[in-house]
Amino acid sequence: MLPVYTDKILALMADVLEVETDTIRMEQTLDELEVDSIVFIRLVVQCETVLSMQFEDEMLLISRFPTVQVFVDYVNGRLSGLPDQGNT
């Protein structure tokens, strides 16, 4: 996958989580980043607003994204018009 939007996605994550971008690692779980359901929805809304994209309804579950990498891949895929990149 082309990491065209990866830096922007990580910057949005850092903004929502109120951490420095370089503290987020792709292999981290969202749980390790202390992302709960409220923070997850804030992250989704931020991505949809800033990146002008839409999460599919079935992807609005935090359990679909076990790691930062899976989240980034999904958003990159949606922005690139690729088929569903979520963890199914």
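In this predicted model, Thr6, Ile9, Leu10 and Met13 of helix α1 meet Val68, Phe71, Val72, Val75 and Asn76 of helix α3. The residues of this contact comprise seven nonpolar, two polar and no charged. Helix α1 also packs against helix α2, at an angle of about 135 degrees, and α1, α2 and α3 are the elements that each give two or more residues to the largest nonpolar core.

**Helix α1 against helix α3**

- The axes of α1, which spans residues 6-17, and of α3, which spans residues 68-80, come within 10 Å and cross at roughly 125 degrees.
- Because angles from 65 to 115 degrees count as roughly perpendicular and those over 145 as roughly antiparallel, this crossing makes α1 oblique to α3.
- The handedness of the crossing between α1 and α3 is right-handed.

**Helix α1 against helix α2**

- The axes of α1 and α2 lie 10 Å apart, and the two helices pack at an angle of about 135 degrees, so that α1 and α2 are oblique to each other.
- As α1 passes α2, the crossing is right-handed.
- On the α1 side the contact is made by Lys8, Ile9, Leu12, Met13, Asp15, Val16 and Leu17, while α2 contributes Val39, Arg42, Leu43, Gln46, Cys47, Val50 and Leu51.
- Sorted by character, the residues of the contact between α1 and α2 are ten nonpolar, one polar and three charged.

**The largest nonpolar core**

- The largest nonpolar core has 28 residues, of which Met13, Phe55, Phe65, Phe71 and Val75 touch the most other members.
- Two or more residues of this core come from each of α1, α2 (37-51) and α3.
- Met13, one of the core residues that touch the most other members, is among the α1 residues in the contact with α3 and also among those in the contact with α2.
- Phe71 and Val75, likewise among the core residues that touch the most other members, belong to the α3 side of the contact with α1.
- When neighbours within four places in sequence are left aside, Phe65 is in contact with Leu30, Phe40, Phe55, Met59, Val70, Phe71 and Tyr74.
- As a general background to such a core, nonpolar side chains in soluble globular proteins tend to be buried together.

**Gly77 in helix α3**

- Gly77 has its place in helix α3, and with a relative accessible area of 0% this residue is buried.
- Although Gly77 and Tyr5 are 72 residues apart along the chain, their C-alpha atoms are separated by 9.6 Å.

How values were computed. Residues numbered from 1 in each chain as written. Predicted model: local features only at pLDDT ≥ 70, side-chain atom pairs only at ≥ 80, totals over all residues. Heavy atoms only, no water. Axes fitted to C-alpha atoms, helices over the stretch in contact; angles between N-to-C directions. Helix = DSSP H or I, 4+ residues; strand = E, 2+ residues; numbered from the N terminus. Parallel < 35°, antiparallel > 145°, perpendicular 65-115°, else oblique. Left-handed = near helix turned anticlockwise from the far one by under 90°. Contact = heavy atoms within 4.5 Å. Nonpolar A, V, L, I, M, F, W, Y, C, P; charged D, E, K, R; others polar. Core = buried A, V, L, I, M, F, W, Y, C linked by side-chain atoms within 4.5 Å. Buried < 20%, exposed > 50% of the residue type's maximum accessible area, 1.4 Å probe, protein only.
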